[in-house]
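Me: I would like to go through the structure shown here and ask, for each label, on what grounds it is given.

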Amino acid sequence: MLITMLFPGGMRLDQFMERALELALENVKAGGEPFGAVLVKDGEIISEGVNELHKNFDVTGHAEIIAIRKAQAKLKTNDLSGCTMYASGEPCPMCLSAMYFANITDVYYCQSVKDAVNVGLTKSKQIYDDLKRENEARKIVKKQLPLQKGQQNPMKEWDRK
């Protein structure tokens, strides 16, 4: 079903998704993965991104993260409340976490994690599955090293300010 809700200025929701898909296809042609993202505020595109892992050897270079970075730099804020993310693929846990930190509450995606797995892109599913486990059973085991006597407490310093 095609979403036909209009924004001020006449842009439709499906036009933003169409742009995300266009970016994903262009990225595949350029040797990258099939992911594109468009960040929208008040019916206008604020920023765009594609997965750039193949260019920069940076595992954080996902389409949504790139779009968030560009928007924050453009708007000179970490708070992207009121923005909507349109992503060609369902956001991975890292991208979803970045959206939480940036206060993005509306996300539309076209293809699911299952769709990605079906073409050999399995990392997101592996991470989502791992996060469901108890800390001790996860692939990455977290171990706390508490502050030692004489060490300054950064959290208390933050709290004082």
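The questions and replies below take up strands, aromatic rings, cysteines and backbone angles in turn.

Me: What kind of model is this, and how are its residues numbered?

Reply: This is a predicted model, in which local features need pLDDT of at least 70 and side-chain atom pairs count only at pLDDT 80 or more, while totals for chains, interfaces and linings use all residues. Residues are numbered from 1 along each chain as its sequence is written, and side-chain values use heavy atoms, with hydrogens and water left out.

Me: What makes strands β1 and β2 a pair?

Reply: Strands are DSSP runs of E with at least two residues, helices are runs of H or I with at least four, and both are numbered from the N terminus. Two strands pair if DSSP finds at least two bridges between them; β1 (residues 36-41) and β2 (residues 44-50) have six bridges in the antiparallel sense, and they therefore count as paired. Within this pairing L39 stands opposite S47, and the two strands form a hairpin with two residues between them, where D42 in the turn has a positive phi of about 55°.

Me: Why is the aromatic pair of F16 and Y86 called tilted?

Reply: Rings of Phe, Tyr and Trp (its six-membered ring) pair if their centres lie within 6.5 Å, and planes under 30 degrees apart count as stacked, over 60 as edge-to-face and the rest as tilted. By this rule the count comes to two aromatic pairs. F16 and Y86 are 5.2 Å centre to centre with 45° between the planes, and the pair is therefore tilted. F16 lies in helix α1 (residues 13-29) and Y86 in strand β3 (residues 83-89), so the pair ties together parts that are 70 residues apart in sequence.

Me: Why is the pair of Y86 and Y108 called stacked?

Reply: The ring centres of Y86 and Y108 are 5.2 Å apart and their planes stand at 10°, so this pair is stacked. Y108 belongs to strand β4 (residues 106-111) and Y86 to β3, so parts 22 residues apart in sequence are tied together. F16, Y86 and Y108 form one aromatic cluster.

Me: How do you know which of these three rings are buried or partly exposed?

Reply: Buried means under 20% relative accessible area, exposed over 50%, and partly exposed in between (1.4 Å probe, protein chains only). F16 at 0% is therefore buried, as is Y86 at 1%, whereas Y108 at 34% counts as partly exposed.

Me: Why is C92 not counted in a disulfide with C95?

Reply: A disulfide is a pair of cysteine sulfur atoms within 2.5 Å. The closest cysteine sulfur to that of C92 is in C95, 3.6 Å away, which is too far for a bond, and the count comes to zero disulfides. C110 is likewise in no disulfide, with the nearest cysteine sulfur, that of C95, 16 Å away.

Me: What makes the phi of K76 and of N103 worth a remark?

Reply: Most residues other than glycine have a negative phi. K76, in the loop between α3 (63-75) and β3, has a positive phi of about 55° although it is not a glycine, and at 74% relative accessible area K76 is exposed. N103, in the loop between α4 (93-102) and β4, has a positive phi of about 65° and is not a glycine either; at 36% N103 is partly exposed.
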